[in-house]
Amino acid sequence: MKLKNRLSALAATTALLAGLGGTVGATTAQAASPCDRPSVTNNSSGYGYFLGDYRLKTAPAAECGTVVTVASGSKFYMWCYVTNYYGNLWIYGRVEGTEVKGWESGDNVSWVSGSLNHC
């Protein structure tokens with residue numbers, strides 16, 4: 001199951017358990033522009049691997065600046081996630097063995113283990 005599907009299911013379940021069944025389809029507040037940089041926090045224990053060679057971004061959108069290109073198979077420690085300007089799931093984290101941090105689309109990272117919480 002894709003990470004995006006897992007997170008959607010988690011969000012829906014959490015909303016239902018909180019008694020918010022009528023707002024399950026509502027999205028979280030989105031940024032005013034694609035390259036706005038949301039606040040981040042290391043509040044998760046999840047990790048996964050890059051599914052290809054991808055550019056780690058400065059903000060949660062493809063058109064934002066590039067931090068570095070990360071090789072396929074690199075381990076990615078997931079700190080938190082947001083729904084970006086376009087309504088897509090993006091994850092902030094750190095590349096294993098480095099202090100390199102940035103944003104990556106949830107579609108480009110596998111899910112292996114641990115938690116992933118909203119930023």
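These legends cover four views of a predicted model.

**View 1. The overall fold of the protein chain comprises one helix and six strands.** Along the sequence the order is α-β-β-β-β-β-β. The protein chain has 119 residues, and 33% of them are buried. Among contacts with a separation of 6 or more, 61% join residues 24 or more positions apart. The accessible surface is about 6,400 Å², with 52% of that area on carbon and sulfur atoms.

**View 2. Tyrosine 47 and tyrosine 49 make an edge-to-face aromatic pair.** Five aromatic pairs are counted in total. In the pair of tyrosine 47 and tyrosine 49, the ring centres lie 6.2 Å apart and the planes meet at 85°. Tyrosine 47 is partly exposed, with a relative accessible area of 21%. Tyrosine 49 is partly exposed too, at 31%.

**View 3. Tyrosine 92 and tryptophan 103 pair across two strands.** Their ring centres are 5.2 Å apart. Their planes stand at 65°, so the pair is edge-to-face; the cut-off for that class is over 60 degrees. Tyrosine 92 belongs to strand 5 (residues 89-95), and tryptophan 103 to strand 6 (residues 101-105). The two residues are 11 positions apart and link distant parts of the chain. Both tyrosine 92 and tryptophan 103 are buried. Together with Trp79, they form one aromatic cluster.

**View 4. Lysine 75 places its charged end over the ring of tyrosine 47.** The distance from that charged end to the ring centre is 4.2 Å. Tyrosine 47 thus appears in two views: under lysine 75 here, and paired with tyrosine 49 in View 2.

Note on methods. Residues are numbered from 1 along each chain as its sequence is written. This is a predicted model: local features need pLDDT of at least 70, side-chain atom pairs count only at pLDDT 80 or more; totals for chains, interfaces and linings use all residues. Side-chain values use heavy atoms; hydrogens and water are left out. Helices (H or I, at least four residues) and strands (E, at least two) are DSSP runs, numbered from the N terminus. Buried means under 20% relative accessible area, exposed over 50%, partly exposed in between (1.4 Å probe, protein chains only). Contact means heavy atoms within 4.5 Å. Accessible areas come from the Shrake-Rupley method with a 1.4 Å probe; for residues, only the protein chains shown count as cover. Rings of Phe, Tyr and Trp (its six-membered ring) pair if their centres lie within 6.5 Å; planes under 30 degrees apart count as stacked, over 60 as edge-to-face and the rest as tilted. A charge sits over a ring if NZ of Lys or CZ of Arg is within 6 Å of the ring centre and within 35 degrees of the ring normal.
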